[in-house]
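Here is a friendly walk through one model, written for someone who likes to keep the coordinates open while reading. Please have your viewer ready.

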Amino acid sequence: MPTDDAVFETHLPLRGRRQGKVREVYDLAPDAQGPRLLLVASDRVSAFDVVMPTAIPGKGRLLTAIASGWFEFLRGQSLVKDHLLSTDVEQISGIDEPTRAALRGRSMICRAAQVVPIECVARGYLAGSGWNEYQASATVCGVKLPAGLRQCERLPEPIFTPATKAAHGHDENVSFEQASASVGQSLMARLREITLRTYTVAAAHALERGVILADTKFEFGFALDRSGSPTEELILVDEVLTPDSSRYWPVAGYAPGGDQPSFDKQFLRNWLVTLVESGAWDKNAPGPEVPAEIVSGTRARYEEAYERLFAK
Ligand SMILES: Nc1ncnc2c1ncn2[C@@H]1O[C@H](COP(=O)(O)OP(=O)(O)O)[C@@H](O)[C@H]1O
Ligand SMILES: [Mg+2]
C-alpha cells in the first residue's frame with residue numbers, strides 16, 4: 001500500500017528530469033506512437049507562482065485522482081484527444097519497489113508533446129484577475145462585458161481568456177489577438193473552441209455534483225512522432241480541472257458580491273494575503289512556511305473536491 005508520507009520532490013533514476021512548480025517530468029522509453037513522459041505530482045503547493053517550502057501530504061495523489069477522473073470523463077465527450085496513456089506504475093521500469101510504491105497514485109505516463117506556450121483559460125464567473133481587470137475597465141483580457149457585474153457573478157456566457165505561459169515569472173493575461181500574433185490565429189481559434197466546449201461540459205458535470213467550476217486553465221500540445229518531431233495532432237496535456245488549475249466553489253451558499261469559499265488554493269492564498277498585508281511576505285520566493293492548520297485545511301479542500309466530483 002502506498003504510504004501517506006509527503007513527497008516534496010523526487011529524484012528518480014530516469015533520464016531527462018525537469019522540475020516544474022508542482023511536478024517532476026522524466027523521459028520514458030518511447031512506445032510505437034512516439035516518446036513518452038512520466039509526470040510525477042509531488043505534494044508541493046504553489047501560490048502566486050511561488051512554491052511553498054511546506055508540503056501538503058497527499059496532495060499529489062488527490063491531484064492525480066482528480067485529473068484522471070476528468071480525463072476519463074472528457075474521453076466520453078470526444079471533444080479532443082489527450083496525452084494520458086496510463087497511471088499504472090508497474091509500467092515504469094528502472095526503479096525499485098519502494099520507489100514504485102511512492103509513485104503509486106501520483107504518476108501519469110503520457111505522450112510527449114510540443115506544448116503550445118499559451119495557457120488556455122475559460123471563465124464562467126468573474127473572479128481573480130478577471131474581477132480585477134473588470135473593475136478597472138469592464139473587460140477581461142480585452143473581452144467587453146456588461147456593466148454592473150458583481151464579484152464572482154456568473155457571466156452571460158463563458159469567455160476564453162488566454163495567458164502567456166512564462167518560463168519564469170508570472171503568467172500574463174493577453175488578448176486573443178496578442179496570443180494569435182505569437183502562435184497563429186487559426187490555432188488560437190481551435191484552442192478557444194476546444195477550451196470553451198471542454199469547460200462547458202466539465203462545468204455541467206461539476207454542477208450536477210454540487211460544485212461550481214468558476215474557471216479553469218488547460219494546456220495543449222502537438223503530439224511528438226517517433227523521431228521526436230511535432231505532428232499535426234493537437235492533444236490536451238498537463239493536469240486537467242484540478243484545484244491547482246481551477247476555481248471550485250460549493251453551489252450551496254454561492255452568493256455573488258464577494259469572495260466565495262472554495263475547494264481550491266484560495267484558502268492558502270487568503271492566508272498568504274494576510275502575510276502580505278502585514279508586511280511579512282512580499283509574494284517573492286522563498287514562500288513562507290505554511291502552518292499546520294493551513295496545511296490540513298488545504299488538504300481537506302482537495303479531498304472535498306475529489307469526493308464531490310468523483311466519489312460514487
Ligand atoms: N504531454 C506533455 N508533453 C510535454 N510537456 C508536458 C506535457 N504535459 C505537461 N507538460 C509540462 O510539464 C510540466 C508539468 O509541471 P508543473 O509542475 O505543472 O510545471 P509548471 O511550473 O510549469 O506549472 C509543465 O511545464 C507542462 O507544460
Ligand atoms: Mg503547471
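Leaving aside its neighbours within four places in sequence, which residues is Ile-66 in contact with? In this predicted model, the partners of Ile-66 are Leu-241, Thr-242, Ala-305, Tyr-306 and Leu-309.

**The nonpolar cores**

Ile-66 is a good place to begin, as it is among the residues with the most contacts inside the largest nonpolar core, together with Leu-38, Ile-212 and Leu-213. That core has 65 residues. Its largest share, 8 residues, is supplied by strand E16, which covers residues 211–224. Domain 1 (18–113) and domain 2 (115–273) each contribute at least three residues to this core. There is also a second, separate core of 10 residues, with Val-45, Ala-47, Ala-55 and Val-290 among its members. As background, nonpolar side chains tend to be buried together in soluble globular proteins.

**Strand E16 and its partners**

Is E16 mostly covered or mostly open? Mostly covered: 13 of its 14 residues are buried. The table lists strands that pair with E16, each with the number of bridges and the direction.

| Strand | Bridges to E16 | Direction |
|---|---|---|
| E9 (113–115) | 3 bridges | antiparallel |
| E10 (118–125) | 4 bridges | antiparallel |
| E17 (230–237) | 5 bridges | antiparallel |
| E18 (246–250) | 5 bridges | antiparallel |

Individual residue pairs help to locate these pairings in the viewer. Ala-113 has Ala-223 in E16 as its bridge partner, while Val-121 stands opposite Lys-217 in E16. Thr-216 is bridged to Ser-246 in E18, and Phe-222 stands opposite Leu-234 in E17. E16 and E17 form a hairpin with 5 residues between the strands, and in this hairpin Gly-228 takes a positive phi near 85°.

**Around ligand 1**

E16 also turns up at the ligand. Along with strand E2 (23–28), strand E8 (107–111) and E9, E16 supplies at least two residues of the shell around ligand 1. Which residues come nearest to ligand 1? Of the 16 residues around it, these are Gly-20, Lys-21, Arg-23, His-83 and Val-237. By class, the shell around ligand 1 has 8 nonpolar, 3 polar and 5 charged residues. Domain 1 (18–113) and domain 2 (115–273) each provide at least three residues of this shell, and each also gives at least three residues to the largest nonpolar core.

To sum up, E16 supplies the largest share of that core and also adds at least two residues to the shell around ligand 1.

Note on methods
Residues are numbered from 1 along each chain as its sequence is written. Chains are lettered from A and ligands numbered from 1 in the order in which they are written. This is a predicted model: local features need pLDDT of at least 70, side-chain atom pairs count only at pLDDT 80 or more; totals for chains, interfaces and linings use all residues. A nonpolar core is a set of buried Ala, Val, Leu, Ile, Met, Phe, Trp, Tyr and Cys residues joined through C-beta atoms within 7 Å. A residue is buried if 20 or more other C-beta atoms lie within 10 Å of its own, exposed if 12 or fewer, and partly exposed in between; C-beta atoms are placed from the backbone. Domain bounds come from an automatic or database domain assignment. Two residues are in contact if their C-beta atoms, placed from the backbone, lie within 7 Å. A residue is near a molecule or strand if its C-beta atom, placed from the backbone, lies within 6 Å of it. Ala, Val, Leu, Ile, Met, Phe, Trp, Tyr, Cys and Pro count as nonpolar, Asp, Glu, Lys and Arg as charged, and the others, Gly among them, as polar. Two strands pair if DSSP finds at least two bridges between them.
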